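Grab your viewer and a coffee, and work through the exercises below. Try each task before you read its solution.

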Amino acid sequence: MNQLGTQMKRKEPMRLALVLFLLSLLIGGIFAKLSQNLLSIGIDSISSRYFNTIKNMDIHYWDLFRYILFSCFKSFFLVWVISLTILGLPYLGWLIISKGFQFGYLLAALVMTYGGKGIVLFLTYLLPHGIIYVPVAFFCMKCCYQLTMEMNHGQATPSLHNIGMIKKYFRVILFMLAALVVGALLETFVSSFFIRKTLMLF
């Protein structure tokens, strides 16, 4: 147990997280390949039904910004709250695996269906707001991992009464929240523009 605890405090968790993400990314791509026939039917339906709607719709940008920001904040605080409980590590692992699978499936599906245009659409789905979101997600999960390890494997009793432990992350949390606001602005006003322009190719 002591050896396991020592390993957890070094770089092994970040390496494990990267391996889990890459494996789930690969599995998502394989799953998309195996379900290619059903996938093509679904994407054809999405193309005809939603692509034209997105290209021609009148976007209410501030409503969209509020929706994106609320979604970001909700996910952010949920991670921190769950990290204060014994479910912290399983939840972080599930987030890594599920996101990797989603990205792998989406990328493979778009490439198989649209070729090079699918890659462009995937990149516009991630950029430029991903430049903000990815580092925030990385540091958030790193801090939450440290927090949940302190809560459940350190000296503190793993209960919500130890919420005071989160105080030392207060400045980091404020910085990440400010970064999320910037990311939401980029996603609303910049990424939406690029997505609509990219959909003109379809």
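Contact here means heavy atoms within 4.5 Å. The model is predicted, so local features need pLDDT of at least 70, side-chain atom pairs count only at pLDDT 80 or more, and totals for chains, interfaces and linings use all residues. Residues are numbered from 1 along each chain as its sequence is written, and side-chain values use heavy atoms, with hydrogens and water left out.

**Exercise 1. Get the overall picture**

Task: work out how many helices and strands the chain has, and what share of the residues is buried.

Solution:
- Start with the secondary structure. Helices (H or I, at least four residues) and strands (E, at least two) are DSSP runs, numbered from the N terminus. The chain has eight helices and zero strands, and along the sequence that reads α-α-α-α-α-α-α-α.
- Next, burial. Buried means under 20% relative accessible area, exposed over 50%, and partly exposed in between, with a 1.4 Å probe and protein chains only. Of the 202 residues in the chain, 34% are buried.
- Finally, look at the contacts with a separation of 6 or more: 81% of them involve residues 24 or more positions apart.

**Exercise 2. Phe101 and its partners**

Task: find which residues Phe101 touches, leaving out those up to four places away in sequence.

Solution:
- Locate Phe101 in helix 5.
- Check its exposure: with a relative accessible area of 29%, Phe101 is partly exposed.
- List the partners: Ser24, Leu25, Ile27, Gly28 and Phe31.
- Now put a ruler on Ala32. Ala32 and Phe101 sit 69 residues apart in sequence, yet C-alpha to C-alpha they are 9.9 Å apart.
- Try the same with Leu23, a helix 2 residue that is partly exposed at 46% relative accessibility. Leu23 and Gly104 are 81 residues apart in sequence and 9.4 Å apart in space, again C-alpha to C-alpha.

**Exercise 3. Helix 2 against helix 5**

Task: describe how the axes of helix 2 and helix 5 cross, and what kinds of residues make the contact.

Solution:
- Two packed helices are described by the angle between their axes and the distance between the axes. Axes are lines fitted to C-alpha atoms, for helices over the stretch in contact, and angles run from 0 to 180 degrees between N-to-C directions.
- The axes of helix 2 (residues 12-34) and helix 5 come within 6 Å and cross at roughly 40°.
- For handedness, a crossing is left-handed if the near helix is turned anticlockwise from the far one by less than a right angle, and right-handed if clockwise. Helix 2 passes helix 5 in a right-handed crossing.
- On the helix 2 side you'll find Ala17, Leu20 and Phe21, among others, while the helix 5 side includes Ile96, Ala108 and Met112.
- Sort the residues by class: Ala, Val, Leu, Ile, Met, Phe, Trp, Tyr, Cys and Pro count as nonpolar, Asp, Glu, Lys and Arg as charged, and the others, Gly among them, as polar. The contact of helix 2 with helix 5 comes out at 15 nonpolar, five polar and two charged.

**Exercise 4. Helix 4 against helix 8**

Task: decide what angle helix 4 and helix 8 make, then look up Thr188 in the contact.

Solution:
- Helix 4 (residues 61-83) and helix 8 (residues 170-199) pack at about 140°, with axes 9 Å apart.
- Angles under 35 degrees count as roughly parallel, over 145 as roughly antiparallel, 65 to 115 as roughly perpendicular and the rest as oblique. Helix 4 and helix 8 are therefore oblique to each other.
- The contact draws on residues including Tyr61, Phe65 and Trp80 from helix 4, and Ile173, Thr188 and Arg196 from helix 8. By class, 19 are nonpolar, two polar and two charged.
- Zoom in on Thr188 of helix 8. Thr188 counts as buried because its relative accessibility is 0%. Beyond its neighbours within four places in sequence, Thr188 is in contact with Tyr61, Leu64, Phe65 and Ile68.

**Exercise 5. The largest core, and an odd bond**

Task: name the element that gives the largest share of the largest nonpolar core, then find the cis peptide bond.

Solution:
- A nonpolar core is a set of buried Ala, Val, Leu, Ile, Met, Phe, Trp, Tyr and Cys residues joined through side-chain atoms within 4.5 Å.
- Among the 29 residues of the largest one, Phe76, Val79, Trp80, Cys140, Leu147, Ile173 and Leu180 touch the most other members.
- Two or more residues each come from helix 4, helix 5 (88-114), helix 7 (130-153) and helix 8. Helix 7 gives the largest share, nine residues.
- For the bond, go to Leu127 and Pro128, which are joined by a cis peptide bond with omega about 0°. Pro128 lies in the loop between helix 6 (116-126) and helix 7.
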